[in-house]
Each structure stands twice: as C-alpha cells, then as structure tokens.
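Open the model in your viewer and keep the selection tool at hand. The tour goes from one selection to the next and says what to look for at each stop.

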Amino acid sequence: GTAVNPLLRAAYLSRKMKEINRNNNINQTNATTPEEQLVTLVIPWLELEEDRLELYGNNHNFKTSQEQEDYIRDWLRGAQMNEEADPVNGLRILFYPARYHTGLKSIFAMG
C-alpha cells in the first residue's frame with residue numbers, strides 16, 4: 001500500500017545516514033562529540049478505534065501505538081532490514097495524534 005513507500009524510504013535513508021555517521025566519526029579524529037544524524041518516521045496514530053477499524057480493518061486494529069510500531073518493526077525485519085528495525089539504534093518512529101475523516105477519506109492531525 002501507500003504506507004510502505006515512506007517506510008522503505010525512511011529505512012533506506014536511515015541506513016545511508018548510519019554509513020555517513022560512521023564515515024564522519026572516522027574523519028573527526030579530534031572532535032570530542034561528533035554530531036550524529038538520525039532519521040525519524042512520523043506516523044499518524046488514529047486515536048479512535050472506529051477510525052482504525054475503518055482504515056485498517058480487523059486484521060490490523062492495533063490497540064496501542066506501541067503495537068503498531070512493533071508491527072512496523074517486524075515488517076522491516078521480514079524485509080531483511082534488521083538494523084533499521086532495531087528500536088534503539090535503527091529507524092526512529094514518532095506518532096502524532098490523528099483522526100480519520102470518512103467523508104474526505106483523509107487523516108488529519110489533532111493537536
């Protein structure tokens with residue numbers, strides 16, 4: 001679906017940034033604290049269960065944003081992106097509160 005493309009783009013960008021960060025750390029021999037660039041994927045968290053059911057169906061009705069994040073990270077592992085799936089050192093995932101508008105078929109931030 002359309003959600004996979006941003007996830008893959010963020011995961012590949014995260015992979016590339018790790019490579020850049022490693023090269024920068026090697027090249028900064030006299031720097032005390034090299035700056036590390038991280039990648040964060042920002043995803044809407046549909047606060048209402050009825051919104052999640054309408055948009056995702058029964059098969060992907062996550063009760064919490066953590067459940068949804070776990071599902072995303074498992075998907076990345078299945079795509080052989082284990083390093084990017086690591087919650088500590090991999091891709092950062094940030095959720096923002098949102099609602100699904102049925103008439104407009106769109107997700108809107110709430111806050």
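A residue counts as buried when its relative accessible area is under 20%, as exposed when that area is over 50%, and as partly exposed in between. Keep in mind throughout that this is a predicted model.

**Stop 1: D51 and R99**

Select D51. Its relative accessible area is 3%, so D51 is buried. Now add R99 to the selection. The two side chains form a salt bridge, with 2.7 Å from N to O. D51 sits in helix α2, while R99 belongs to strand β2, which covers residues 92-101. The two residues are 48 apart in sequence, and the pair links distant parts of the chain. R99 has a relative accessibility of 32% and therefore counts as partly exposed.

**Stop 2: E49 and K63**

Stay with helix α2 and select E49. Which residue forms a salt bridge with E49? The partner is K63, and the closest N and O atoms are 2.8 Å apart. K63 lies in the loop between α2 (49-56) and α3 (65-78). Here the separation in sequence is 14 residues, and this pair too links distant parts of the chain. E49, at 34% relative accessibility, counts as partly exposed.

**Stop 3: R15 and E84**

Next, select R15 and E84 together. Their side chains meet in a salt bridge, at 2.8 Å from N to O. Why does this pair tie together separate parts of the chain? R15 is in helix α1 (residues 4-27) and E84 is in helix α4 (residues 82-85), so the bridge joins parts that are 69 residues apart in sequence. Are the two ends buried or exposed? E84 has 3% relative accessibility and counts as buried, whereas R15, at 35%, counts as partly exposed.

**Stop 4: A10**

Keep E84 visible and select A10, which is found in helix α1. A10 and E84 are 74 residues apart in sequence, yet their C-alpha atoms are 9.1 Å apart in space. The relative accessible area of A10 is 8%, so A10 is buried. Which residues does A10 touch, leaving aside those up to four places away in sequence? Select V39, L41 and L91 to see these contacts.

**Last stop: the whole structure**

Zoom out to the full model. How many salt bridges does a search of the whole structure find? The search finds seven. Among them are the pairs R15 with E84, K63 with E49, and R99 with D51.

Conventions:
Residues numbered from 1 in each chain as written. Predicted model: local features only at pLDDT ≥ 70, side-chain atom pairs only at ≥ 80, totals over all residues. Heavy atoms only, no water. Salt bridge = Lys/Arg side-chain N within 4 Å of Asp/Glu carboxyl O. Helix = DSSP H or I, 4+ residues; strand = E, 2+ residues; numbered from the N terminus. Buried < 20%, exposed > 50% of the residue type's maximum accessible area, 1.4 Å probe, protein only. Contact = heavy atoms within 4.5 Å.
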